[in-house]
Each structure stands twice: as C-alpha cells, then as structure tokens.
Amino acid sequence: MIVKIVSAMILMMGIFPFSFLHFFSGKFKTSTGPIAPALYVFGDSLFDSGNNNFIPTFAKSDYLPYGIDFEHGVTGRFTNARTVADFIAEYLGLPYPPPYLSKRELGALTGLNYASGSCGILPETGSKLGKCLNLKDQIVLFKSTIELELERKFKNRDEFSDYLSKSIFIFSIGNNDYMNNYLEKKPEERKEDPQTFAQHLVDKLAIQFERLYDLGARKVVMFELGPIGCLPSITRKKDHNGESQCDEEVNEMIIDFNQRLGVMLKNLTSSLKGSTFVLGHANWLGYDAIKNPSKYGLTDTSNPCCETWKNGTSGCIPFTKPCKERNSHYFFDAFHLTETVCSAIASRCFDDSSVCSPFIKQLVQT
C-alpha cells in the first residue's frame with residue numbers, strides 16, 4: 001500500500017580526520033566526469049539519506065546533532081556527515097543520490113536512494129517504530145522508477161539496458177532484522193535457532209536480488225552486517241567489569257549470516273548471466289577498527305559521540321552538543337558510525353580487494 005501511495009504522490013506533485021578522513025575523502029574524486037552512469041542505494045539507516053523524513057516513524061534523524069559536519073546540514077542521515085553511500089558516489093564522480101521520497105527532479109539519471117531507517121529484509125522488522133520501506137518495498141519502488149521515470153529518457157530498450165547494466169547498486173540491509181526483530185526476543189521466545197533464522201534472511205534476500213536482476217541490474221555490492229555485538233546499544237546493556245566489551249555470542253550470529261550471504265552472492269553470480277554480486281567485507285574491517293583503533297586513527301570505539309538517552313543506548317538527544325573529537329570516534333550514536341568510519345569502509349571497498357572483490361573501481365570497468 002505504501003508503495004502505491006508514494007508513486008501516486010510523485011506523479012501528482014509533478015516532480016517527475018584528522019588526516020585519515022581527509023586522505024580517504026579526496027582519494028578517488030574524479031576530474032574527468034563520472035566513471036559509472038548511476039548509483040542506486042538500498043538498505044537501512046546506515047544508508048538512509050532522508051527517506052524517513054517523509055514517513056510516520058520514530059526512527060528519524062532530521063535534527064541536530066545529526067548532520068553537524070555535513071555541508072548540507074541536517075538531511076536525515078544517521079551520522080554526523082557523509083555515509084558510506086555518499087563516499088562511493090563521490091568516488092564514482094556522481095552527485096549524492098537523493099532520497100526517493102524527497103522533492104527531486106523526475107527521472108534523474110544519476111541514481112536514487114531508497115534506504116529507510118529501522119527497516120530490514122523481513123516486512124515485520126522495525127514495525128514497532130512506525131512505518132518504513134522494507135527491502136521488498138524498495139525494490140518495488142525501483143521498478144516504479146523504471147516504469148514511470150527512467151524508460152522514457154532513453155531512445156530504445158537496448159540503450160536503457162546498457163545504462164542499467166553499467167550502473168552500480170549498493171546495499172546495506174539486515175542489521176535491523178537482528179536488532180529490531182530477532183534479538184528483541186528472549187531466546188526461549190524465538191521460533192527459529194540462529195542458523196535457521198540466518199538462512200531464512202539470506203533466502204528472502206536472494207529473492208529480491210533476483211527481482212533486481214530481472215529489472216536490469218548487473219553490478220551489485222552487498223555489504224556484510226557489521227559487528228552488531230559491539231554496538232553501544234548492546235554492550236551497555238550487558239554487565240561487564242570495566243570497559244564495555246563486545247557481545248561475542250551476537251557477533252557469532254552475524255558471522256554465520258555473513259558466511260551464508262557470501263555463498264548466496266557467489267551462487268547468484270554463477271547462475272545469473274552477466275551479473276556480478278560483490279560481498280563487501282565490512283565485518284572484519286569494523287571489528288579490527290574496534291579492537292585496534294590506533295591503526296585507524298581512532299581513540300574511542302565503545303562510546304557514542306553524541307548524548308543519548310538510556311545510558312548511551314539510543315539515538316542522539318535532539319539539539320544536544322556531540323563530542324568535539326568526532327573524527328576519532330567510531331560511533332556517533334548507539335547504533336551508527338561516524339563519517340570517519342564510513343570513509344574507511346567506502347574507500348577500501350572502492351580500491352581494496354581484501355574488502356570488496358572485485359572492488360568497485362574494477363567493477364565499473366567490467
């Protein structure tokens with residue numbers, strides 16, 4: 001229903017760090033124009049650039065201190081400045097893909113952002129917080145974008161197919177299926193064991209990737225789930241002696257999901273002609289930064305930078321001042337990364353085969 005309403009609204013409206021950060025943010029900027037025709041973004045709050053501003057939900061970041069360091073100010077990004085998706089857009093030589101639900105140019109050919117905070121792969125995920133665009137919704141909205149906006153921009157189907165096949169599609173989804181779904185339940189209340197649940201998620205995700213392929217996508221990057229057991233929202237609820245420690249039982253669940261995810265992506269690449277599904281190894285990179293912060297120029301990898309409710313286990317309290325050393329913090333709030341960490345993940349996926357193989361700079365050349 002939400003998909004139909006949104007599509008109708010658009011038609012009616014007629015809007016058819018510190019040196020580490022500075023090094024990575026400028027490393028791949030192009031001077032000769034875009035190296036891919038478009039970037040399409042899907043996922044959750046790690047990639048949301050403002051869609052939730054237009055949805056009735058408690059999962060919002062349309063207020064300071066979110067966006068405090070962003071050149072465009074408060075936009076609905078769940079961080080202090082740029083996201084992983086923003087950096088990848090820069091490296092591709094493209095503008096930031098605007099939120100699908102925002103007032104924008106109809107049929108813009110450089111990409112769109114469909115990501116929605118609190119949502120996940122499963123339709124029920126995040127429902128306690130209000131409405132959101134789950135993964136199926138996002139794929140359906142992309143289909144609507146094709147039919148209502150994009151196809152008319154091209155002379156023929158072959159030209160349009162070539163455009164889609166050269167565009168980059170990136171995903172960060174599944175975090176909330178654990179945080180706002182599976183892990184919210186007591187172990188005895190869960191209908192599935194962790195392994196069965198992980199495979200269930202991967203199977204549902206594969207269905208949506210196949211639909212995306214049928215729509216014309218060929219170059220897809222899916223980032224692993226990060227070390228969720230290290231989030232302040234989880235570590236600060238555990239009893240530890242001294243500093244907050246990661247919940248390794250939760251991390252093991254996530255590692256199992258990521259392993260199954262990798263197998264699924266390889267299978268899709270093998271079975272879907274002309275496709276490349278890339279696994280972005282964000283988990284080991286994030287965990288390494290948490291455990292060895294000095295390697296990444298970080299000094300705090302356990303505490304939120306902004307002031308939060310519930311002993312540092314929530315989003316930022318509106319209009320409070322965050323920490324001054326934001327470039328050396330891993331977490332901005334109890335769930336989300338600072339721009340510094342986003343930069344590290346994006347840059348490594350763009351040009352480092354240990355994180356993405358093929359890495360994105362190679363992917364655009366295939």
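This report covers the overall make-up, one helix pair and two loop residues of a predicted model.

**Overall make-up**

The protein chain holds twelve helices and six strands. It has 366 residues, and 59% of them count as buried. The chain exposes about 15,700 Å². Carbon and sulfur atoms supply 53% of that area.

**The α7–α9 pair**

Helix α7 spans residues 194-215, and helix α9 spans residues 248-271. Their axes come within 9 Å and cross at roughly 35°. The crossing is right-handed. On the α7 side, the contact residues include L201, V202, L205 and F209. Polar and charged names also appear there, among them Q195, Q199 and E210. In α9, the partners include M253, F257, L261, M264, L265 and L268, along with D256 and R260.

**Two loop residues**

Both R77 and F319 sit in loops, as the table sets out.

| Residue | Loop | Relative accessible area |
|---|---|---|
| R77 | between β1 (39-43) and α3 (84-92) | 6% |
| F319 | between β5 (300-304) and β6 (329-331) | 65% |

Is R77 buried or exposed? R77 is buried, because its relative accessible area of 6% is under the 20% cut-off. Leaving out residues up to four places away in sequence, R77 touches D48, S49, S61, Y66, F70, T83, D86 and Y96.

F319 counts as exposed because its 65% is over the 50% cut-off. F319 joins L64, I68 and V74 in a nonpolar surface patch. Together these residues have about 360 Å² of accessible area.

Notes:
Residues are numbered from 1 along each chain as its sequence is written. This is a predicted model: local features need pLDDT of at least 70, side-chain atom pairs count only at pLDDT 80 or more; totals for chains, interfaces and linings use all residues. Side-chain values use heavy atoms; hydrogens and water are left out. Patches are made of residues with over 30% relative accessible area and no salt bridge: like charges are joined within 9 Å, nonpolar side chains (Val, Leu, Ile, Met, Phe, Trp, Tyr) within 5 Å. Accessible areas come from the Shrake-Rupley method with a 1.4 Å probe; for residues, only the protein chains shown count as cover. A salt bridge is a side-chain nitrogen of Lys or Arg within 4 Å of a carboxyl oxygen of Asp or Glu. Helices (H or I, at least four residues) and strands (E, at least two) are DSSP runs, numbered from the N terminus. Buried means under 20% relative accessible area, exposed over 50%, partly exposed in between (1.4 Å probe, protein chains only). Axes are lines fitted to C-alpha atoms, for helices over the stretch in contact, and angles run from 0 to 180 degrees between N-to-C directions. A crossing is left-handed if the near helix is turned anticlockwise from the far one by less than a right angle, and right-handed if clockwise. Contact means heavy atoms within 4.5 Å.
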